[in-house]
Amino acid sequence: MINYSYTILIPLIPLVIFVFTGLLGMKWKPLVSGIIGTVGVGISFFLSLFTAYEYFFATATGSAYHTIIPVNMLWLSFTHTLQIHMGVLLDPISVMMIVVVTTISFMAHLYSIGYMKGERGFQRYYSFLSLFTFSMLGVVLATNIFQIYIFWELVGASSFLLIGFYYDKPSAVAAAKKAFIVTRFADLGFLIGILILSYYTGTFDFSKLLQPGTHLFAGLAGVSFLGLSGITWAMALIFMGAAGKSAMFPLHIWLPDAMEGPTPVSALIHAATMVVAGVFLVARLFPIYHFQAPDVLIFIGYVGGFTSLIAAIIAMTQFDIKRVLAYSTLSQIGYMMVALGVSGYGGEAGLGYMASMFHLFTHAMFKALLFLGAGSIIHTIHSNFMKDMGGLRKYMPITHFTFLAACLAISGIPPFAGFFSKDEILAAAFESNKLLFYVEYITAGLTSFYIFRLYFNIFWGKDPEYKHKPHEAPLNMTIPLIFLGLGSTFGGFVPFHKLVTSDMKPFTTVTHWGIMLPSVGIGLLGLAVAWVLYKKENDLPDKISKKLGILYTSTYHKFYIDEIYLFVTKKIIFNYIARPIAWFDHNIVDGFMIGVGTVTVKISYKIKKFQSGELQQYAFVFVAGVIMLALFILYSLGYH
Amino acid sequence: MMDFKYILLMRHELLLVLVAVIILIFDFLTDREKKNRLIPFSIYLFAGAMLVSFFPVKPGVLFGGSFQGNALTDFFKDILNLALLIVFMQSEGYLRKEENREKIAEYFVLLILTLVGMDYMVSSGDFLTFYVGLETASIPLAGLVAYDKFKSRSAEGGVKLILLSALSSGVLLFGLSLVYGATGSIYFSDIAKHITASPLIILGFIFFLSGMGFKISLVPFHLWTADVYEGAPMSITAYLSVVSKGAAVFILTIILYKVFKNITGLWETALYALAILTMTVGNLFAIRQNNIKRFLAFSSIAQAGFILVGIMGTGSLGMTSIVYFILIYVFTNLGAFGVASAIFNASGVETISGYNGLYKTNPRLSLIMMLSLFSLAGIPPVAGFFGKFFMFTSAGSKGYFILILIGVLNATISLYYYLMVVKAMFINKNDHPVPYFRSPNFLRFSLLLCSIALVFIGFAGGIFEYIMSVSHVLF
């Protein structure tokens, strides 16, 4: 057996750095905190790679992988049955996730040294980044569902802090609040789900909960509420938390606004790691979903499918490049959810599960790359809007080529990474749910279209009037781009079906030519349409959007979902629920409290004379107290 | 039969006596001008004795069951030792004053001797040892309260304490003799077998409980508390509110759980009423106080009410939650008292309004005070939250939900007056705040210790586990 205890260092290093940078950072030069943070996460990164190597390759004999819990400390012990542990759990998905998290985090740390140079609060930025990395690693390495919850909230808090990094900018503050409130609302469901689940099963631990064929859920399946069984409720509520973090429809509204944060943050948190926490959570609990709550799993599939389609449509009409990427992220996470929704358990049937994790992996690479690329463009242009860009391929060759690789990857063009994972998802969907297959198939075409619309608008077309000549980003920004570019190009060759599978046993995949060729076809079609419309400056796109009329405008306004939220909250909830409650609170509750306060103060003056300072009286009260106590006891015993 | 091995069971007590004797000899040998040397000498000596007592010894009994030593009593005595050490460290500035120079040795010796009494009480296996321990602890305390003998308040407090203490001891002893009359034994284990709900035993129990209620200052037996706390020197007040009270709570819990086990329903009824009264009245009085010592006195009365809620849990969970709470309470209250005495020694300020604007001049002291007050109020993640949480859990395990609800309401009320102090330090404006000062090093160290404990104890799950494991053996 290999001793994996060192894996505890992977999350602990960022924690230590967070504490020290947070406490002492202001005394250091800005660059020092950047370098310390980057080196620390770099160590975590190499440790993760080493763990992955040992876990997947050093012991593998082609048979199943095992769940290993090298560290598990008792944290809170409420009773002998209700105990909360903190620890490290290694299994294929957690090992894969630590590699993803530390890789992207390392890249974002390195990149930020250049991107955030000279910003006020540079040290604060790095301490938050470390906090986020620590929390995210805590989520993926959790040994029990309560630990996930705790780190889940920490992730939410650090995301809030980073979105609102520019706290003197009102829109950033609003976005941070929105993200926090929406995900917090979703987490309420998550918490209730956890409580229901653990109340009936009597445990938080994954090692017990995830045994296929366990009898822990017998009690929960017997309970029924509003026509659904207890386990369905619990798992649906837990998915609500997942949907909040992963920004699934209709809880997706916070993600596009979250782009107010610094761009490396968007890459790290709102593209590659935190937003896939929901996917990870469903995957982590997959045996429960599959065996105990298959209805919820189907529901997850439909939510994912709907989100991926609608987000892709919205992405086609946006002009802010970060927003395009944000909607694209929504759409791609939808893909992963679909893959989990259609997946079975074990062997070939678990293709969807494997595909989902595979796509999570490749998506992290190419989406982080797209964001970091966008970051280096914004860094030199000082604008987020496509109209301010054009012809940049001449000025920024490295950004251009790496960005192109990411675009090809997301469009599913072979041999780039996204092709392999997306193909597996489509194949899995084709096997079990034709409707979702067609939705995702169409979405694949739309994806290719919107991403190349973005690409051509930025790198081709006519130069706008640049105030300063755009320039390539410095080396510490381009190295991450190149690294992720390689990942996006070759990441697809990782044999996931041998490594990360639903039952931890490798299986062999067959090539689905019948699905692969059409899906490449629709990807190329989308690319071609974008080529025609956007490669050279022309008025065709405007004409088309005018023709589409209301269809276009409603898409441009994101189907007015934000407005619907506002309408529901401001007009209905505020007027008809909040106002009466506020009145009740102000007059009845506050009135009661003020009354209690007044009475309390009055009583406290009234009883003042007991505390007279006279010894005889004290003795008298003492003896009277003894007699009163005796009378009280005798009375309560029935001597009256 | 009694060889050296058994004597080791009594190592806490014997070491303390030894330390007291050494201090007396050292005092005798020291010139009048150099008496200040006694302070570090005594503190280091005491700390050394404390460290030696840490060594574990196999559990056993002495004197045919009159004296019991086991892992739980050892752990508890270690807590008391630690608390007294902190009190010693916090009294340095006070003892260095010119008027106290003659009396330094007395201060240490008397405090150590009260602790010896408490240790005997904690280890007692029959009512006689228990009573002797209790009195050994009480009588020197009256002398300590009157330590500032030329201040009328201090002298008054000492007289009040000794007279009322005599009254309560009389009632307590009367109760014990009734119990003895009914059962024919003074040994805990024998009495436990013969306890029934006969009127004689009920009356005996009520007298016993009232006497203990005096020591723990439960309402309505609490009236001495405010005057004595206010009159006594700050560090003696701290000692009274933490060590003296903690030891009494511990032995009360043991006696209730072991001796009066057969009438559990009866004492739970009594405690139910006393808990509600104590929490509520303690809170009501605390709201109005402006003197920090009186304020902390009433706050500690309210805290005693919370402790009663924890006792309701019974069994090892109840015992564990009590010991855990007292451990945290030691750091919490001594943190608050430490800051208060630092300020008092430096500037003579002992009113809450005098704390206005303290944060501007002494930010670190203000932060430690805030931490302690948050812990007293039970705000997570400070240790006090965990202490209260486990006590409520313990009561909850027996289904006392209404009592818990009242407890939570009282905790909310207490938050109000704790925050008033925080507000005074951080928000209220003051043209002449207490100027910046640097406290003596011992005091600084004790405050550092308290604040570290307050931040980390709650997260060290092992401590609760350990107490659970040692008290599990007994119940």
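Trainee: In this predicted model, which word describes how α15(A) and α18(A) lie to each other?
Mentor: Start with the angle: the axes of helix α15 (residues 321–341) and helix α18 (residues 417–432) of chain A cross at roughly 40° and come within 9 Å. Roughly parallel would need an angle under 35 degrees, and roughly perpendicular would need 65 to 115. The word for α15(A) and α18(A) is therefore oblique.

Trainee: Is the crossing of α15(A) and α18(A) left-handed or right-handed?
Mentor: Look at where the two helices touch. On α15(A) the contact uses A:Tyr335, A:Val338 and A:Ala339, while α18(A) offers A:Lys422, A:Ile425, A:Ala428 and A:Ala429. The way α15(A) passes α18(A) there is left-handed.

Trainee: How many residues of the contact of α15(A) with α18(A) are charged?
Mentor: Sort them by class. There are 6 nonpolar residues and no polar ones. Lysine counts as charged, and A:Lys422 is among the residues of α18(A) in this contact. The number of charged residues is 1.

Trainee: What about α17(A) and α19(A); how are they oriented to each other?
Mentor: Helix α17 (residues 397–410) and helix α19 (residues 434–459) of chain A pack with their axes 9 Å apart, at an angle of about 165°. An angle over 145 is the cut-off to remember here. That makes the orientation of α17(A) to α19(A) roughly antiparallel.

Trainee: How many nonpolar residues are in the contact of α17(A) with α19(A)?
Mentor: From α17(A) come A:His400, A:Phe403, A:Leu404, A:Cys407 and A:Ile410, and they meet A:Thr447, A:Ile451, A:Phe452, A:Tyr455 and A:Phe459 of α19(A). By class, 2 of the residues are polar and none is charged. The count of nonpolar residues is 8.

Trainee: Which helix gives the largest share of the largest nonpolar core?
Mentor: This core has 192 residues, and A:Val279, A:Val282, A:Leu340, A:Met357 and A:Ala368 touch the most other members. The largest share is 19 residues, and they come from residues 351–381 of chain A, which form helix α16.

Trainee: Which residues does A:Met357 contact, leaving aside its neighbours within four places in sequence?
Mentor: A:Met357 is one of the core members that touch the most others. With those sequence neighbours set aside, its contacts are A:Ile93, A:Met96, A:Ala283, A:Phe496 and A:Val500.

Trainee: How many residues does the second, separate core have?
Mentor: You can find this core through some of its members, including B:Leu15, B:Ile254, B:Val259 and B:Phe325. Its number of residues is 182.

Trainee: What share of the residues in chain B is buried?
Mentor: Chain B has 21 helices and 2 strands. Chain A, for its part, has 26 helices and 4 strands, and 51% of its 640 residues are buried. For the 475 residues of chain B, the buried share is 59%.

Trainee: And where the chains meet, which element gives the most to the side of chain B that touches chain A?
Mentor: Here 30 residues of chain B are in contact with 26 residues of chain A. Elements of chain B that give two or more residues are α8 (152–183), α10 (199–216), α11 (224–231), α13 (264–288) and α21 (461–472). With 8 residues, the element that gives the most is α13(B).

Trainee: How many residues on that side of chain B are nonpolar?
Mentor: Set aside the 5 polar and 4 charged residues on the side that touches chain A. The number of nonpolar residues there is 21.

Note on methods. Residues numbered from 1 in each chain as written. Chains lettered and ligands numbered in written order. Predicted model: local features only at pLDDT ≥ 70, side-chain atom pairs only at ≥ 80, totals over all residues. Contact = placed C-beta atoms within 7 Å. Buried ≥ 20, exposed ≤ 12 C-beta atoms within 10 Å, placed from the backbone. Core = buried A, V, L, I, M, F, W, Y, C linked by C-beta atoms within 7 Å. Axes fitted to C-alpha atoms, helices over the stretch in contact; angles between N-to-C directions. Left-handed = near helix turned anticlockwise from the far one by under 90°.
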